Amino acid sequence: MKYFNFDENFLHTVLQEALKNGGEYADLFFEDTKINSIGYLDSGVDNTSLGNNYGVGLRIIVNKKTIYLYSNDTSNDSLINLAKSASSIVNDKKHIINGFIESHEKNHHPLHINPFDINFDEKIEMLSYLDKKAREVSDKIKQVNLRYMEKQRNILVCASNGILKEDSQTYVRLVMVSMASDGVNTQTASRTKGALDGYQVIRDINLDEMALETANSAIKMLNAKYPKSGKYPVVIDNAFGGVIFHEACGHALEATSVADNASVFCGRLGEKIASDVVTAIDDGTIQNAWGSYNIDDEGNEAQRTVLIENGILKSYLVDELGSLKMNQKVTGSARRENYKYPPTSRMRNTFIDKGNSSFEDLISQIEYGLYAKKMGGGSVDPATTDYNFAVSEGYIIEKGKITEPVRGATLIGRGDETLMNIEAVSSNLELADGMCGSISGSVPTTVGQPAIRVKELTVGGR
């Protein structure tokens with residue numbers, strides 16, 4: 001073991017103790033994570049934090065239900081006591097534990113520059129430069145809010161199915177928000193960049209471009225008018241535009257919902273759930289992508305999962321518990337924020353794949369519509385896929401041309417209906433980093449898509 005120092009025979013003994021009164025499955029999840037973050041506000045360092053998550057979670061699945069205990073004490077006595085406490089709740093048939101299978105994990109996500117080796121002053125200089133460049137754009141930029149985060153997460157998973165694997169995951173992310181005001185109106189614009197990599201993430205950012213984009217976007221929205229309410233065609237741009245698919249459709253394809261019959265897509269494998277031009281993928285193997293990893297939090301290797309192919313539902317996202325409930329293979333999608341959470345099926349890098357149309361084709365055929373260039377936050381009901389999303393930067397489309405900017409637009413619809421109403425997909429696929437919350441906490445996820453044209457969406461204005 002590279003990151004942890006545990007005797008394999010002893011770990012096997014702990015799992016035996018956990019399952020001595022029965023159960024279908026048990027696992028141990030060890031974590032040692034360090035996190036640094038810097039907040040930059042009012043042209044100076046606002047806060048810094050240094051944290052460490054260290055501990056172990058023990059899970060037993062019995063009768064397709066979960067017993068979960070955790071502790072920050074990983075001594076031998078503590079681990080045995082944890083197993084005894086968990087097994088004392090169980091009264092089921094005995095379970096035979098497999099011996100650990102020897103494995104040689106490969107690292108598919110090279111760490112180019114360890115962020116913890118970079119001087120603190122260099123990081124502050126980078127944040128100061130972004131602040132200065134954004135403010136230089138206009139005196140209407142009244143505030144710049146920046147946050148830099150670096151995290152190194154070492155994990156060890158051992159399970160009753162024979163898995164014994166380790167992984168080290170290093171993340172770096174930069175978030176920038178510029179606020180513009182003319183004394184009457186206030187608007188904000190944000191950009192982010194994160195990856196499963198080290199400080200190379202920051203070195204690869206064009207800082208001038210990032211500052212200019214956030215500042216100009218916020219200023220442009222200051223005097224924009226509100227769009228008219230109604231139903232009409234909408235073009236949703238690439239990258240973070242994929243948040244609608246992620247929220248309104250992706251969550252409904254996770255075993256977390258499907259296995260409990262709480263999704264509109266339950267029992268629909270092989271059925272047409274989207275238009276022919278839609279192929280959607282969840283891929284945990286993309287090199288150094290924000291939502292990637294070598295193994296998931298159950299020790300299964302990351303994989304590429306085709307969710308929808310030419311409109312046909314091909315797969316769900318399945319973890320061990322979901323596999324037992326649904327009788328389907330795991331997809332390497334089990335994730336958790338830290339050892340205090342039991343894992344569940346979660347998205348990784350989820351996107352609508354590129355199509356054959358050009359961006360110009362999407363716009364040119366619209367008599368009157370909305371171009372949603374940048375998406376903001378929103379809400380969704382996973383059981384029905386009803387959603388409501390804000391457009392942070394939008395423009396009117398008139399007679400095949402993008403014309404004046406609009407602010408305050410919202411997109412309202414149902415995810416399953418929107419999938420069927422996507423009539424064109426461009427080729428300009430781009431991904432964007434984000435954070436996703438669910439019952440297993442907050443985890444790094446990537447959303448994405450090429451620009452898409454939806455035949456008709458309800459657009460809310462003022």
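1. Let's start with contacts along the chain. In this predicted model, take the contacts between residues at least 6 apart in sequence: 74% of them join residues at least 24 apart.

2. Next, the secondary structure and overall form. You will find 10 helices and 21 strands in the protein. The radius of gyration is 24 Å, close to the 23 Å that the globule rule gives for 462 residues, so the protein is as compact as a globular protein of that length. If you want a feel for the dimensions, the C-alpha atoms fill a box of roughly 70 × 55 × 35 Å along the principal axes.

3. Now for inside and outside. Of the 462 residues, 55% are buried. The protein exposes about 19,400 Å², and carbon and sulfur atoms supply 45% of that area.

4. A word on charge. The protein has 49 positive and 61 negative charges, and the mean positions of these two sets are 4 Å apart. Side chains of opposite charge can pair when their charged atoms come close. A search of the whole structure finds 21 salt bridges, and the next points visit some of them.

5. A good pair to look up is E31 and R153, a salt bridge whose closest N and O atoms are 3.9 Å apart. This pair links distant parts of the chain: E31 sits in strand β1 (residues 25-41) and R153 in strand β4 (residues 141-159), 122 residues apart. Are these two residues, E31 and R153, buried or exposed? Both E31 and R153 are buried.

6. For another setting, turn to K314 and E309, whose side chains meet in a salt bridge with an N to O distance of 3.9 Å. K314 has 45% relative accessibility, so it counts as partly exposed. E309 counts as partly exposed too, because its relative accessibility is 38%.

7. The salt bridge between E423 and R453 brings its closest N and O atoms to 2.8 Å apart. E423 lies in strand β18 (residues 422-425) and R453 in strand β21 (residues 452-460), so the pair ties together parts that are 30 residues apart in sequence. The two partners also differ in cover: E423, at 36% relative accessibility, counts as partly exposed, whereas R453 is buried, with a relative accessible area of 7%.

8. Finally, salt bridges can also share partners here. Which residues do they join into one network? They are D27, R59 and E298, and you may enjoy finding these three in the structure above.

Technical notes
Residues numbered from 1 in each chain as written. Predicted model: local features only at pLDDT ≥ 70, side-chain atom pairs only at ≥ 80, totals over all residues. Heavy atoms only, no water. Helix = DSSP H or I, 4+ residues; strand = E, 2+ residues; numbered from the N terminus. Rg over C-alpha atoms; globule rule 2.2 N^0.38 Å. Buried < 20%, exposed > 50% of the residue type's maximum accessible area, 1.4 Å probe, protein only. Contact = heavy atoms within 4.5 Å. Areas by Shrake-Rupley, 256 points an atom, 1.4 Å probe, with all protein chains shown as cover. Lys, Arg positive; Asp, Glu negative; His and termini not counted. Charge placed at Lys NZ, Arg CZ, Asp CG, Glu CD. Salt bridge = Lys/Arg side-chain N within 4 Å of Asp/Glu carboxyl O.
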